[in-house]
Structures are given as structure tokens and as C-alpha cells.
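Got the viewer open? Let's take a short walk through this one, selecting a few residues at a time.

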Amino acid sequence: MGMKMPMGYHKHCDKCYNVHCQVPAQTSVSCIVVKCHKNCGASLHMCKQEEHQLLCPNEIVPCLNVYYGCPLTMLRHRLAKHLEVCPASLVCCSQEWNRWPISETDLTFYRNVSENPVVNTEENLDVAMAHRDQEQLFQSIKMKNIFPELILEDSAVQNIAAGINSPADNACCSLDGGEYTENGSAKLDEELSQEERDTLAKCTDVTSIQNYSSWEKIFNKEKEGCKQTIKNLNKGEKGKEKESSKSQKELHQDGECPATARTMDGATGLAPWQDGVLERLGKEVNIAEYNMYLVHNGVMLINFGQLAACTPREKDFVYGSLEPIEVKSVRTFNVPTSYRAKRNHLKDPSRKAQTTHQSVDTSDLGITIENLPKCEEVSTTLLCSLEKELKGHSISESVSTDGLYTDIGTQTYIFSSAPFKQDASLADVVAGKPCRLYLYIEAESVTRRHNKTSSAFSYMCGHYFRRDEYCFHFKNVHSDIQASLNGWFQQRCPLAYLGCTFTQMRFHPTGQEAIVKFSKDGSTLVLQPKANSSLCAGGKTFSPQRNDAQNLDPLSSLPLEIIQHIAGYLDSFTLSQLSQVSHLLREVCATLLQERGMVSLKWEKKKHSSEGSSWICQKKVWKFSSQFSSVDRWSFSDTPSMSNHLGTCSFYQREDRTEPVALPSILLFPLGRYDLCSLQFC
């Protein structure tokens, strides 16, 4: 039976691609040729119009990123051009750099930077970016990974352990199903009456009663495990009894005495007197544990015949009828003629200093633990993280060289804020404390010191931009500013190593008066124009908290059309800041979201009743990126020379010498003369 054709299908039209088709239009064979009603220029049979809508370049279709939040619709031939400015086509900046902890020799400058409040302004780009990276580093370092011995145990586990080990327990489960009383005596046969059980159930004098469900789950698992263990033991005993009875019958049949025969009770044990113990050890344990077993139990293994004291004669190598071979010495190395032998003077071993091996710890200092100096949390944590990352192990980590020797090293730390919580990070430890700068202000783009894949000291930009904004962001922020920040784009005092914190910017965008600053809200570099104070309503200020007619900002008093026209010239970062001034300006900026903003999906984890979970899209989030106006060229700013600052720098101290200093004799060779002249200068 043939397949049924769909409605409107014509056998001729299916294979006809002739624009000037002359086949007469019949209901079952073909149909007329028409042109596309969207004026794309295509000619086709009428029955193919629905299929042509999937390919027509003039058909109105949604954006390719419609499922990612883009609400725009357009002609199909404009989709490729739209992707360049699509608000849902976002790019995450993956620029990475490294920043390392400071050493103890460079503390003067960083101490002054942290203590001087003027330095931590937005204009000190290197200091501000170092503080941003430091906050990210402190949040990524978990204390339980560095100091697991100083972490608090889980409160629920502590309460359960206290409840199990408490002497007030009336009974506890044992391996053989028995119970124990308060004094520890066995209570195998006697059980609690119904009245005693009701009394225990109604009793509220129980610690951590809120953790009853956790206890019940743990105890049920333990009870099932006890039952399974008892079943396994019973099966093993029955099997052993059958094997022993069978072996005794065989021995009786052979005429041997059962008392002298060796039983098979220890066929699965690891004791030195059990048969086949070395074969089982070779299969079950590694070579290190196997060697350790031979060291500790070698004598017993020899006594019980499990290990031979020496190589048996039948297993020894015998030469037999081998004929001796004449040995000839052939010298193929010639001593070079330039070689001169040197006499080595051996030291007298009797005069060698006597040395002893002795373990030491903090108790040898003669100071109690309470009086020992406390460690600084941040410096110690960064040092341990750096040691583990660069060298691959913790400080004084115990290392097993082989199965016989272990290098034991312990390093203890005493912190004033210890012990730490389970999920505590370094940022939680230093919260509420005055935190100085612990990282270098110089960043590295390329390093050979470690693997950047899983490094805590590697940082990524991580900002999202529209596809048409990303190229300008990378060029201006990372290539122009960040790559040449130290010494070129921003110039510091040459005496910064002594502690001077003076700095000045050397460049500004060509054709406009603007300065580069660091925005803490956006955590990125921004461009701020220098505005004239006369433009700000005669220098009057306003409070964004009061939104009445007497407290309007200067822009809100302008007509709406002018505000919209002004907003069209602003960059993305300025629009994001302008939207936070007032409700009116926020509504004006919202009209530019589809043209200048970007959209992303906010996902939420939803739990189902069947103990499963899934991620659902909660809402679409519209916002502006942190990209400022693109800068094509930079020009030198009209800043004074650094020598002007050195004239007043407090760290530039001259050492004036008024007393004459005798200089060494200088030999002069005058032109055209060959005599020497010695001069003495004072």
C-alpha cells in the first residue's frame, strides 16, 4: 500500500524548478507559478508558498537569541547584521593576570598606602585594582583547606557524639544485639517494659532534642548494619563448621589422626602462623605495607615456616659444566695530556664535630602555650597558600619516602580568632578589622611560577559586554591602561621604595578633558570628564533621598525631549549611573535598553516533591555594561615634572658634606705627552 500524500501536494511541483513552467494547472498534477508576495524575487508553484516562508529573506522573524532574552523581530536577511548589536549576544572578558603577596622587605610603602586615607582614592588606579583583587582573593581562600585542624566540628555531629557517649544513656546497641545498663553491665535478656518506654518517650530532659530526626536516621542505618553483620558472621561460622567436618572425615578415611592434622580455620587470616599469609598479603596490600609486615613479623614467619631463613639448596644457582672464560682488560679511555692529578687532603675524623639527632618543638623554648606569640591570620594564610601552590605541598608536610621511613614535620599555628567555622573564608576572618594591602600593586600577565588553571593568585576580568563593545573594552582597559599602568600611564615617585605615595597621571584622551578613575560600584576602570562647576546649577547640591519639586536635579528640570536627546550621546557606564539619580531619569534610560543595554537570564533552582530539582528561568535582567566612551588616541597631560615633587618630597633627604674629603690619586695622560702626573685633590 502506497504512502498517503499530504493535502496540496503535486507530483510535478515537487521536482519542478522552472520559472517558466508551461505544464497546465491540474488539481492532482500541478498548480500555477506565482511570485513571492514579500517581493523577494522568487517564483514558485503556489503549493510551495508555505515552505518558502522558511527561507524567504523578507520574512519577519524573531532574533536568533529569542530564547536568551532578545525581544526584537526583523527581516530574515538582517539577522546576521543584528547579531553584532544584539542585547542578548554577550561576551565575557577572559583577560587574566597574576598578583602575588608582598614580601617582608617591601612593607614600608604598603604600610603607608594603607594608613594614608588620601591614597585610597579612585585616582590611584594600581592601589584600587590591587584592593579589588585582594577582596576576590580573600573570598576564594577557604580556611578549612589551609588549616583543617583549626576548624570547628559540625554542631550536629558534636551533639550526636555527646548524646551517644553520655553516661545518661539507658541503653545502646551492640554488635551481638545485646544492651548495656548505666554502669556498663550487660543487659542481654531483660527488656524495658511498656511503662518505661512511655516514660522515656515523654521525657523532655534530653539534650539537642531538635536533632531527633538526624539521630533516628543514623541509628536506623547502624541497626541495619548490625543485623547484616550478624547474618554474615552466622553464615561464615556455618561454612567453617561444614569444611572442618568434611576435612576430619577425609583424614579418618586416610587413617590419619585428626589431632595431628592442621585445621583450615586460619585460611583467610593475616597472622604469621596461618598458611598462605604471604600470598594473600601480596594480593591485598601494596608493596610498602608488604615490606613493613616482613620487618615486624619476619622472625615469627621464619619460626612458623612461612618464610625461609636462607635460600634453599635446590633453588640456588649451580654453574654445572660451564667452562671458564679468559678475562681480558681493554683500556679504551686515554687520559688527556692537560690533566694534572691533585692530592686530596682527608680530614682527621677524630677532630670532626660531634652531632646528635634530636626532635625539637615549642616546649623547648620554656614558654607556656598561652604566652606564645599569636600569628597574623592574613600573612600566615597567604604564605601557606603560596607555599602549597608554588611547591605543591604544605609547609612541614609529612612525606612517606618508602614503606620503612617517613619524614615527619609539623607546623602549628596559634590565631586569636581560631577556631574557624566550617565554611569560613579569609574574608570572614578579617571582616570588621582594618585591613591593609597585602598584594603587590604590580600585576603580571605572563608567569612561569605556577599553573594558572587552578590558582588562587590568578584573577580574571569577568565583565560582560555587548559584542560591539568588547573590542573597545579590551583595547582601552587592558591594552592601553592596565598593561602600561606601572611607570608609564601612571607615574609614581622614584622614592616609592622608601615609602612615598605620590603619584600622577600622564595621559588623557585626545580632544577631551577627562581623567581615568576606578569605580568601586562597577569594579572597573571608567572615564570621568572634567565638568565646569558653573554648570551644576550655580554650585547648588541636591539630595537624591528627597524627590520633591524643590529638590530636583538640574537635568530633571529640563524638558523630556532634551533629556532623551542628551541621554542618546552617553556611554553605557554613564547611563547606568544616570539611571540611579531619579525615577524620571531611570525611565528615560529604560527607553535606551534595547538599543544600548544588554539582557541576561536569571536562573533559579526549584526543588520538586520527588526529591529532585531543576533550574528554571526566573526573569530577564536588563542592564547597561561598564564600558565607557571609546578612546582612539591618548595625549600627554599638562602635569608638572616629577623633579618638582622631588624638591618637596619628605623622603628625599640630602646629605650635605662641608668637610673636605681626600680622594685617591688619579693618573692623567695628557694628549701629546708621555710623562705621568699625579695630582692630589681636597
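Start by selecting Phe 109 and Tyr 110: both are buried (under 20% relative accessible area, with exposed meaning over 50% and partly exposed in between, for a 1.4 Å probe and protein chains only). Bear in mind that this is a predicted model, where local features need pLDDT of at least 70, side-chain atom pairs count only at pLDDT 80 or more, and totals for chains, interfaces and linings use all residues. Residues are numbered from 1 along each chain as its sequence is written, and side-chain values use heavy atoms, leaving out hydrogens and water.

A search of the whole structure turns up 14 aromatic pairs (ring centres of Phe, Tyr and Trp, the last by its six-membered ring, within 6.5 Å; planes under 30 degrees apart are stacked, over 60 edge-to-face, the rest tilted). Phe 109 and Tyr 110 make an edge-to-face pair, 5.1 Å centre to centre with 80° between the planes. Next, pick Trp 488, Phe 489, Phe 507, Trp 634 and Phe 636, which form one aromatic cluster.

Now jump to helix H10, residues 277-284 (helices are DSSP runs of H or I, at least four residues, and strands runs of E, at least two, numbered from the N terminus). Which of its residues are buried? Val 277, Leu 278, Arg 280 and Leu 281. Look down the axis of H10: these fall within an arc of 160°, so they line one face of the helix (the arc uses directions from the axis to the C-beta atoms). The face turned away carries Glu 279 and Lys 283, both exposed.
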